[in-house]
Amino acid sequence: MKIKYYSNVILLGLSVCSQAAPIESLKEKEQLLICQKERDTGRFQEAVDCYLPLAEKENNIIAQTFLAHIYEHQKELNKQDQAIYWYEKAAHQGDKYAQNNLGRIYLQGEITPIDNKKAIYWLEKAEAQGV
């Protein structure tokens, strides 16, 4: 089993990012592009503030995955525990990138204790989707 890293997966179509629920509205897609711009310019707290309503209220898996990624890698936000929460929400909805990243987190044990059983579970789910 290979572990792949998807730290900067920005796909122009956005809906390609996930195999689960498609983006429903043009407004939601526009909001994701605004969030992406904040993230790409290094304005991580602004990106979090942008992604959070989409992740919570709209249950948008793209927003959930990118929010998790920010929490995981921007240690100055002091919210790495939130990375697991958001990756799990997206992973349970079928997002292969969230599944892969969650498996890697459980395998490496950097922000949570190593859990090989969970790591294998999530990595196999991601692998089954071609990651």
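**Helix α3 and the disulfide of a predicted model**

N60 caps the N-terminal end of α3, with a side-chain oxygen 2.9 Å from the backbone nitrogen of I62. Helices are DSSP runs (H or I, at least four residues) numbered from the N terminus. This is a predicted model, in which local features need pLDDT of at least 70, side-chain atom pairs count only at pLDDT 80 or more, and totals for chains, interfaces and linings use all residues. Residues are numbered from 1 along each chain as its sequence is written, and side-chain values use heavy atoms, leaving out hydrogens and water.

Q: What span should the 13 residues of helix α3 have?
A: The expected span is 1.5 Å times one less than the number of residues. For residues 61–73 the end C-alpha atoms are 18 Å apart, in agreement with the expected 18 Å.

Q: How many residues of α3 are buried?
A: Buried means under 20% relative accessible area (1.4 Å probe, protein chains only). Among the buried residues are I61, F66 and Y71. The helix is largely enclosed by the rest of the structure, because the buried residues number 12 of the 13.

Q: Which cysteines form a disulfide?
A: A disulfide is a pair of cysteine sulfur atoms within 2.5 Å, and the structure holds one. The sulfur atoms lie 2.1 Å apart in the pair C35 and C50.

Q: Is the disulfide of C35 and C50 left-handed or right-handed?
A: The torsion about the S-S bond is about -85°. The disulfide is therefore left-handed.

Q: Which helices hold C35 and C50?
A: The pair ties together parts that are 15 residues apart in sequence. C35 lies in helix α1 and C50 in helix α2.

Terms used
Helices (H or I, at least four residues) and strands (E, at least two) are DSSP runs, numbered from the N terminus. Buried means under 20% relative accessible area, exposed over 50%, partly exposed in between (1.4 Å probe, protein chains only). A polar contact is a pair of N or O atoms within 3.5 Å; within protein, one must be able to donate a hydrogen and the other to accept it, and residues adjacent in sequence count only if both atoms are side-chain atoms.
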